[in-house]
Amino acid sequence: MEKESGFIQSTVISTRIRLARNFAAFPFPAKMDEQQASDVVYLVERGLDELDEFKKYDMQELQEDEINLLQEAHLISPALSRSKRGAAFVSKDNAISIMVNEEDHLRLQYIFDHYDVYKAYERISAVDESLGSMFDFAFDKKLGYLTACPSNLGTGMRASVMMFLPGFARSGGLKKLLPSLRKSGLTVRGAFGEGSTAEGYLYQISNERTLGLSEMELLDQMNETMLSLCDLENREREKMMATSEVEIRDRCLRAYGALTHCAILPSNEFLLKMADVKLGILLGFFKTEDLRELHGFIDGMRPHSFRIANGLRDLDERACDEARASTVGRVLPELVQIK
């Protein structure tokens, strides 16, 4: 069980539970006027003040780089970033974010930096229940929670798991599984959700079905699928090692060498090469003390995160790419070493 748990930790990056809710007293966001939109934000802010400390982000008042930073951290969606009537409330630990006036009045989400769909649901469900005790959510006895898009009717819940699947990606195995996943009511997307492409072997597995099953049934289904995918990914990695160990080792070493000895490093190239470095860690070519620390390092290299954290807002893209190359060349050898 310990070995299985370790493999899950090397395959699953994070878990997210998102709940869609609407106030019964207001039309859906697409039909609201300015005053109603403002009233919804006010009600949510008032309700959250009674629960915990949340930081408010008003989309209309934020600078573009601040919006992009929130989006990179998966705290807001692209749809909310384009809304001039929306807001987001984020918990102190950045694990909970509540988007207001996106497609629905409320999109509550909890992101857990490990794998546990049940724990993630338990935490965001507590916030949902607290707000539900204060306000009247739109609910129908037969249809469940009423949402702007019919695909979210019922539980209004999306459970998703971010997975690192290099074995599947390189073999094409995931593509073969897509029909059976869809048949089970699940979908596969890129790292940033709907409409995004996979980057660095990262895939988001989530439920599409929200009607006709309870929250626990959906979570059980997600858990079973995730365990199965982890097992299949493990087999794909074993096949890689059995048939192409030297070639894969060479690819991983070349990626490490390029990252530690380059002068210009665009973000997209960094992500692609770091995916091969991480694959090298999992296959035993490299060693690292803490995969979670490495994940944090990778996230910090994203364009807006890197600019803001390093005070580079006024530099052009080329200068940022040079600074990223210098930083990666200095820090990566401290995090990852060749065996």
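**Overall architecture and local features of the predicted model**

The protein exposes about 16700 Å² of surface, of which carbon and sulfur atoms supply 49%. The structure described here is a predicted model. Its secondary structure comprises 12 helices and 12 strands. Taken along the principal axes, the C-alpha atoms fill a box of roughly 65 × 50 × 30 Å. The radius of gyration of the protein is 21 Å, which agrees with the value near 20 Å that a compact globule of 339 residues would have. Half of the chain is shielded from solvent, in that 50% of the 339 residues count as buried. Contacts between residues at least 6 apart in sequence were also examined; 70% of these join residues at least 24 apart.

Helix α8 covers residues 215-260 and departs from a straight course. A straight helix of 46 residues would span 68 Å at 1.5 Å a residue, whereas the end C-alpha atoms of α8 are separated by only 46 Å. A bend of about 105° is located at Ser244 within this helix.

Attention was next given to His114, which is placed in the loop that links β5 (106-112) to α5 (117-134). The relative accessible area of His114 is 35%, and the residue is therefore classed as partly exposed, a category that lies between under 20% for buried and over 50% for exposed. When residues up to four places away in sequence are not counted, His114 touches Val12, Ile13, Ser14, Thr15 and Arg292. A separation of 114 residues in sequence lies between His114 and Ser228, and their C-alpha atoms are 17 Å apart in space.

Two asparagine residues were examined for their backbone geometry. Most residues other than glycine have a negative phi. Asn94, by contrast, has a positive phi, near 65°. This residue occupies the loop between β3 (87-91) and β4 (96-100). With a relative accessibility of 45%, Asn94 counts as partly exposed. A positive phi near 65° is likewise found at Asn101, which lies in the loop between β4 and β5. The relative accessible area of Asn101 is 5%, a value under the 20% limit, so this residue is buried. The two loop positions thus fall into separate accessibility classes, with Asn94 partly exposed and Asn101 buried.

Note on methods
Residues are numbered from 1 along each chain as its sequence is written. This is a predicted model: local features need pLDDT of at least 70, side-chain atom pairs count only at pLDDT 80 or more; totals for chains, interfaces and linings use all residues. Side-chain values use heavy atoms; hydrogens and water are left out. Helices (H or I, at least four residues) and strands (E, at least two) are DSSP runs, numbered from the N terminus. The expected span of a helix is 1.5 Å times one less than its number of residues. The bend at a residue is the angle between axes fitted to the seven residues ending there and the seven starting there. Buried means under 20% relative accessible area, exposed over 50%, partly exposed in between (1.4 Å probe, protein chains only). Contact means heavy atoms within 4.5 Å. The radius of gyration is taken over C-alpha atoms; the globule rule is 2.2 Å times the number of residues to the power 0.38. Accessible areas come from the Shrake-Rupley method with a 1.4 Å probe; for residues, only the protein chains shown count as cover.
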